[in-house]
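Here's a quick briefing to read alongside the model. Have the structure open and follow along topic by topic.

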Amino acid sequence: MDDYQENLEFIVPENFNFAYDVVDAWAEEEPDKLALLWTNDEGEELRLTFADLKQRSDQAAAYLQQLGIAHGDMVMLILKRRLEWWISMLALHKLGAVAIPATHMLTKKDIVYRNTRASVKAIICADDSYVMSQIAAALPESPTVEAVIAVTHLPAWCDDEKTALPKGFHDWYKEIINAPAFVRPEHTNSNDDTMLMYFTSGTSGEPKMVAHDFLYPLGHLTTGVFWHNLKENSIHLTVADTGWGKAVWGKIYGQWIAGACVFVFDHEKFNADALLRQIEKYRITSFCAPPTIYRFMIREDLSHYDLSSLQYCTTAGEALNPAVFDKFYEQTGIKLMEGFGQTETTMTLGTMPWMKPKPGSMGMPNAQYDIALMKPDGTFCEEGEKGEIVIKTDKQKPLGLFKGYYRDEEQQRKTWHDGYYHTGDVAWRDEDGYYWFEGRIDDVIKSSGYRIGPFEVESALMTHPAVVECAITGVPDDIRGMVVKATVVLGKEWKDKAGDDLVKELQQHVKRVTAPYKYPRIIEFVDELPKTISGKIRRVEIREKDNQK
């Protein structure tokens, strides 16, 4: 641990480009090395080597050049888990263009907002009827968009029936075969050019544009090599939609730097049984998913699956409830290694392979970041004190930290000032140096003079067998200022027991597990919790609904 913290150093090349310097380099050194194993819920399977990736991304880059895409151009990708997302990402990197991954759940309004805010020049999308209809509806209000390319599920030369494309949409497979030989631009990029941009998932307010430079993939070396503990023979599966920032954490950069194979399961709707069958069939060795996925996995009888290939499992996206850690370990013998970061960063805190995990802890700071906990008055926290996670930037921008909020100087000044980037997340540090998540600054509940973090109450509730998922929020109260409310999803065998008796049982359970003053005075049973596409619980939506009552 000390060696890692003290001696981690990055040798940063000039004009680094992930597509050329990592993927094409692997293609030259080990062309037949398996890089991508893609499957879907219809039983289809494709295996691509690094040589295949080079050939296909060169072809795609030449095709996009024909359509006028060049250095600095903004290109939005709405490709679900289609194979072409990886090809498009590499092709755009090779051109020095800016990739903007986006979720397939966007509405016309969402697409117009993104197109106009970022001056999007082109969109590459899946031939999903909903996706294409929303894009088509958005185009009249998106003057900067010059081309929309649809990726048909089957190549155009197949006889099988294909989805009809809206008028004016380009057909990827019909047109790409006529692309000329690719010629690499004389100057593709500088290290500080923008390579990737995300509209944040927006747990509150309008989405912000998070811009990353061409060194961002290098920042994920620690994600893949250290946190995911990947080797060249690893087969790694991260459960994430390609429109979510977690996809570049676990589906491309750090994994291919390590030389591992990225496994993709392209499915329409999540099903824990189907996912476990994929792990079993394809002998997945390394697995990463948000806590939500693990919650549903442990509801299955894991003894019915052969998970013997699994060697290492990680989790991020939101805090991990200790009860989930314990149950997964009991059923698999594998300890979940937690990590923390944001769309704006790579992994900033994590439990590394040489560390003993503490269930519910985010781990310790990643050596590439200088991290502290700051109080509202600007002073720093001692052990056990709660404060905002901040990243020191007065000497230089850490590798992996975003460039800034594109076209939003106000937000930039608000979160990045006086030599620190302010994450907006609250945590505390124990005597061993491990960090423990409390919640977003806006999520912390102030009740009768107490400050209550939602995660600690959620973790207490999750130890009750009736609870599959829950969200803790504050509800205004005339006497206490705010009271704690729990919105709870029950297991199927408990749903018919929802009522006053179960409410009292859950309240008493929380009082026994944690400090009594934290118990939820209000409990509401629901079928599902509102979430972002990334799987994060949208507590703000629960609060807004409560305020409208």
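Let's start with a turn between two strands: a hairpin of 3 residues links strand 25 to strand 26. Keep in mind that this is a predicted model. From that hairpin we'll go to the sheet around it, then to a second set of paired strands, a helix crossing and a few single residues.

**The hairpin and its sheet**

- Strand 25 (residues 467–477) and strand 26 (residues 481–490) run antiparallel and are joined by 10 bridges.
- If you want a landmark in that pairing, look for Thr-473, which sits opposite Lys-485 of strand 26.
- Of the 11 residues in strand 25, 9 are buried, so the rest of the structure largely encloses this strand.
- The sheet is an open one of 3 strands, ordered 25-26-27, and its pairing is mixed.
- Which strands stand at the edges? They are strand 25 and strand 27 (522–526), each with a single partner strand, so each has one side without a neighbour in the sheet.
- Going from one strand to the next, the twist averages 25°.
- The parallel part of the mixed pairing is between strand 26 and strand 27, which are joined by 5 bridges.
- Val-489 is a handy marker here, standing opposite Val-526 in strand 27.

**Helices on that sheet**

- Helix 17 (residues 500–513) packs on the sheet and touches strand 25, strand 26 and strand 27.
- The direction of helix 17 makes about 120° with that of strand 27.
- Helix 18 (residues 539–548) lies across strand 25 and strand 26, and runs at about 50° to strand 25.

**Strand 11 and its partners**

- How many of the residues of strand 11 (residues 261–266) are buried? The count is 6 of the 6, so the strand is largely enclosed by the rest of the structure.
- Both faces of strand 11 are covered, with Cys-261, Phe-263 and Phe-265 buried on one side and Val-262, Val-264 and Asp-266 buried on the other.
- Strand 1 pairs with strand 11 in the parallel sense, over 5 bridges.
- In strand 11, Val-264 has Trp-38 standing opposite.
- Strand 10 (residues 235–238) also pairs with strand 11 in the parallel sense, over 2 bridges.
- There, His-236 stands opposite Val-262 of strand 11.

**Where helix 3 meets helix 4**

- Helix 3 (residues 50–66) and helix 4 (residues 84–95) have axes that come within 8 Å and cross at roughly 60°.
- The crossing of these two helices is right-handed.
- On the helix 3 side, the contact is made by Leu-53, Lys-54, Arg-56, Ser-57, Asp-58, Ala-60, Ala-61, Leu-64 and Gln-65.
- Helix 4 contributes Ile-87, Leu-90, Ala-91, Leu-92, Lys-94 and Leu-95.
- Sorted by class, the contact has 9 nonpolar, 2 polar and 4 charged residues.

**Two buried residues**

- Is Lys-33, in the loop between helix 2 (18–29) and strand 1 (34–40), buried or exposed? Its relative accessible area is 12%, under the 20% cut-off, so Lys-33 counts as buried.
- The side chain of Lys-33 reaches the backbone oxygen of Gly-259 at 3.1 Å.
- Setting aside neighbours within four places in sequence, Lys-33 is in contact with Trp-26, Thr-49, Phe-50, Glu-232 and Gly-259.
- Leu-275 belongs to helix 12 (residues 272–282), and it is buried, with a relative accessible area of 4%.
- Beyond its neighbours within four places in sequence, Leu-275 is in contact with Leu-237, Val-239, Phe-265, Phe-270, Phe-287, Ile-293 and Met-297.
- Leu-275 and Met-297 are 22 residues apart in sequence, and their C-alpha atoms are 8.7 Å apart in space.

**Positive phi without glycine**

- Asn-15 isn't a glycine, but its phi is positive, at about 50°.
- Asn-15 is in the loop between helix 1 (2–7) and helix 2, and counts as partly exposed at 35% relative accessibility.
- Asp-418 is another non-glycine residue with a positive phi, near 55°.
- Asp-418 lies in the loop between strand 20 (416–417) and strand 21 (420–429), and its 70% relative accessibility makes it exposed.

Notes
Residues numbered from 1 in each chain as written. Predicted model: local features only at pLDDT ≥ 70, side-chain atom pairs only at ≥ 80, totals over all residues. Heavy atoms only, no water. Axes fitted to C-alpha atoms, helices over the stretch in contact; angles between N-to-C directions. Helix = DSSP H or I, 4+ residues; strand = E, 2+ residues; numbered from the N terminus. Left-handed = near helix turned anticlockwise from the far one by under 90°. Contact = heavy atoms within 4.5 Å. Nonpolar A, V, L, I, M, F, W, Y, C, P; charged D, E, K, R; others polar. Buried < 20%, exposed > 50% of the residue type's maximum accessible area, 1.4 Å probe, protein only. Pairing = 2+ DSSP bridges. Polar contact = N/O pair within 3.5 Å; in protein donor to acceptor, adjacent residues only side chain to side chain.
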